[in-house]
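Okay, everyone, thanks for coming. Let me put the structure up on the screen, and then I'll walk you through a few parts of it.

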Amino acid sequence: ILKERRPKADSPQALATIPTLDVRADIEPKVKSIPRQVQKLSDHTTLLTRTLPTAGILYADLALDLRSVLDPISEIPLVPLFTRMLTETGTSEYDAVALRRAIGAQTGGLSASALATMRVSHVISNPEDIVYRLIIRGKCTKDKSQNLFNLMTAILTDANFKNSKQRVIEMLKETKAAYESSFRTSGQQYAAARIGASLTRAGYIAEKSSGVSHYYAVLDAIESAQSNWPDFLARLESMRTRILQHCDLVINLTGDEATLHAAPVEALRTQLEASALENKFDAQDWAQIAPLEKATENEGYAVPTQVNYVAKGGRFYPVGYSPRGQDAVIRRVLSLDYLWNRVRVMGGAYGGSCNVNPTTGTFIFSSYRDPNLEQTLTTYDHAVKYLNELAIDQTELDKAIIATIGELDNPLTNDQKGFVSLRHYLDGTTDEVRQKWRDEVLATSKADFIKFADELNTMLKHNAKAVVFASAASLEAASSSLPEHNQLKITTLIN
C-alpha cells in the first residue's frame with residue numbers, strides 16, 4: 001500500500017486547506033538595497049562603509065587580491081593552509097595560545113578565508129573573469145576598534161610561520177583525516193566540485209582548495225613539510241610577501257554612525273600599505289590551467305562506503321547568454337517534485353536535488369546517500385521528459401514562485417548585510433541585475449518549463465559529465481552495465 005501511495009500527489013481538496021500567499025498581492029516586487037559608500041583612500045586601498053543600527057558593534061572585513069599574485073597551479077592548494085596559519089601560529093608578540101586569548105578578550109572573533117567567484121553581469125561572464133580574494137573578518141565594540149585593527153594587521157604581516165613546523169604538519173594531517181571522513185559521508189559535494197572544476201576558473205579554484213585535487217595536494221604537502229621544511233616555509237613566506245607588496249586592499253566597515261566615526265581607518269591603511277610596492281604586479285597567467293578544465297570523461301571515486309553519491313551536470317548557459325530568473329523556479333520544482341519522488345521517495349536515497357548557477361552558467365544534479373547508481377543517472381536523463389509532460393497548475397506554480405522569492409529574501413543580520421554588500425562590490429552585482437532576476441522569477445509561466453527542458457536536453461546530450469563516489473564494487477558493477485560512452489574512469493581514492 002505504501003509503495004502504491006508514494007508516487008501519488010495529494011488531492012486538490014487537501015492542498016486547498018493549506019494557507020498560501022498571493023504572488024501579486026503579498027510579494028514585494030522590488031529588491032531591497034543595502035547601503036554602501038565607496039571612498040578611494042589611496043592607489044592601494046578602497047574603503048566601503050554602511051551605516052546600520054549595530055548598537056555599538058563594528059563589523060570589519062579586509063579583502064586583499066590573490067588572483068594577481070598567486071600561481072594558479074602550485075600555490076592555490078596552499079591557500080587553505082595559509083589562511084589557517086594566519087590565526088593559529090601566533091605572532092612575534094603572542095604565541096599561538098596567547099593570540100587566541102587576545103582575540104577572545106579584545107574582539108568578538110577574527111577569521112581568515114578565501115573568496116573565489118566569477119564576476120556578475122546581465123550575461124554569463126568569460127570563465128577567466130574571476131574574483132579571488134583573501135578575506136579577514138572581525139568584529140568588536142566601538143572602544144576596541146584599534147585593538148581589532150592591530151590584531152588584523154598582526155596576523156597578516158607578522159604571523160609566526162617560521163617556528164610552526166609541527167603545528168603545520170598537525171594542521172595538514174587534520175585536513176587529511178577530515179577529507180577521508182567527508183568523502184564517505186558527503187561525497188555529493190566533491191562530485192559536484194569535480195564537475196564545476198571542468199567548467200570555470202572559479203570552479204577550478206574551489207576544487208583545488210576543497211576537493212579531491214586538494215586532498216592529493218595535502219598528501220604532498222605533508223611529505224614536503226616533513227622532509228624539506230625550509231623550502232616549504234619559503235613558499236608560504238613568498239605568498240605572504242607578494243600579497244602584502246601588491247596590497248590591492250578593500251576595507252569594509254559596517255556600524256552605526258558613532259562606531260564608524262571612531263574606527264581608526266587611516267592607521268589601519270598606513271600599517272597595511274607599509275610593504276606595498278609602487279607598481280602593482282601584472283596578473284598571473286591563468287591560461288596555463290585551461291587544459292586542466294577540459295577533462296569531460298565521467299569519473300568514479302572508490303571509497304569505503306555502502307551508499308553512493310551520484311552527480312551529473314555541465315554548462316547550461318553559454319558565455320554571453322542572459323540567465324533567467326524563471327529557471328530558479330523550475331529548478332525548485334525539479335528538485336522538490338521530480339527528484340524528491342524519484343530519487344528519494346521511490347529510489348531510497350536520503351536526498352536528491354539540482355542546482356542552476358546564474359553566475360557560472362552551470363547545472364548539476366546530485367544525490368545523497370543513494371542506494372542506486374545507474375538508476376539515478378537514468379533518472380537525471382529522464383528529467384527532460386518530466387518537464388515536457390508536466391501539467392503544473394497555477395496554484396502549484398505560484399507556490400514555487402513564492403518559495404523562490406523566499407530564498408532571495410532570507411533575513412540578514414547587520415554583519416551579513418555588510419559582507420553581502422562587500423561581495424556585491426567585488427563581483428559586480430548591482431541592484432539592476434538583482435531586480436531583473438526578481439522580475440523574471442515573478443513572471444514565471446508554464447511555457448518556461450518547455451524552454452528549460454530544451455536547454456537541459458542540449459546539455460545532457462552534448463556536455464554533461466557524471467562523477468560518482470561509491471564503493472569499488474558498486475563502481476565496477478556500474479561499469480559493466482553502463483553504455484560505453486557513459487563508462488566511468490575509476491580511481492581508488494581511499495581504501
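So, strand β9, residues 351–356, and β10 run antiparallel and are joined by six bridges. Strands here are DSSP runs of E with at least two residues, helices are runs of H or I with at least four, and both are numbered from the N terminus. Two strands count as paired if DSSP finds at least two bridges between them. One pair to look at is Gly352, which sits opposite Ser367 in β10. β9 and β10 make a hairpin with five residues between them, and in the turn Gly361 has a positive phi of about 80°.

Before I go on, a word on what you're looking at. This is a predicted model, where local features need pLDDT of at least 70, side-chain atom pairs count only at pLDDT 80 or more, and totals for chains, interfaces and linings use all residues. Residues are numbered from 1 along each chain as its sequence is written, and side-chain values use heavy atoms, with hydrogens and water left out.

Now let's widen the view. Which order do the strands of the open sheet take? There are six of them, in the order β9-β10-β8-β11-β7-β12, and the pairing is mixed. At the edges stand β9 and β12 (489–492), each with a single partner strand, so each has one side without a neighbour in the sheet. From one strand to the next the twist averages 15°, with axes taken as lines fitted to C-alpha atoms (for helices, over the stretch in contact) and angles running from 0 to 180 degrees between N-to-C directions.

Let's move in to β8. Strand β8 covers residues 309–315, and seven of the seven are buried, so the rest of the structure largely encloses the strand. By buried I mean under 20% relative accessible area; exposed is over 50% and partly exposed is in between, using a 1.4 Å probe and protein chains only. β8 is antiparallel to β10, residues 362–368, with five bridges. Within that pairing, Gly313 has Ile364 as its bridge partner, and Lys312 has Phe365. Five bridges also join β8 to β11, residues 465–470, again antiparallel, and there Tyr309 is opposite Phe469.

And the parallel part? Strand β7, residues 299–302, pairs with β12 in the parallel sense over four bridges. Tyr301 faces Thr491 of β12 there.

Back to β10 for a second. Six of its seven residues are buried, so to speak a mostly covered strand. Take Ser366, which lies in β10: buried or exposed? It's buried, at a relative accessible area of 14%. Setting aside neighbours within four places in sequence, Ser366 contacts Gln188, Val310, Ala311, Gly351, Gly352, Ser353 and Tyr380, where contact means heavy atoms within 4.5 Å.

On to the helices. Thr379 is in α15, residues 374–381, and counts as buried at 10% relative accessibility. Not counting residues up to four places away in sequence, Thr379 touches Tyr338, Leu339, Arg342 and Val343.

Next, helix α4, residues 79–88. Seven of its ten residues are buried, so the rest of the structure largely encloses α4. The buried ones are Val79, Leu81, Phe82, Thr83, Met85, Leu86 and Thr87. What covers them? The cover includes α5 (96–106), β4 (110–118), β5 (130–141), α6 (145–158), α7 (165–185) and α11 (229–246). After α4 comes Gly90, with a positive phi near 80°.

Since α11 came up: Ala234 sits in that helix, and at 43% relative accessibility Ala234 counts as partly exposed. The C-alpha atoms of Ala234 and Phe161 are 9.6 Å apart, with those positions 73 residues apart along the chain.

Last stop, a helix pair. The axes of α9 (residues 201–210) and α10 (residues 212–227) come within 5 Å and cross at roughly 40°. That makes α9 and α10 oblique to each other; under 35 degrees would be roughly parallel, over 145 roughly antiparallel, 65 to 115 roughly perpendicular, and the rest is oblique. From α9, Glu207, Lys208, Ser209 and Ser210 meet Val212, Ser213 and His214 of α10. By class, that contact has one nonpolar, four polar and two charged residues. Nonpolar here covers Ala, Val, Leu, Ile, Met, Phe, Trp, Tyr, Cys and Pro, charged covers Asp, Glu, Lys and Arg, and the others, Gly among them, are polar.
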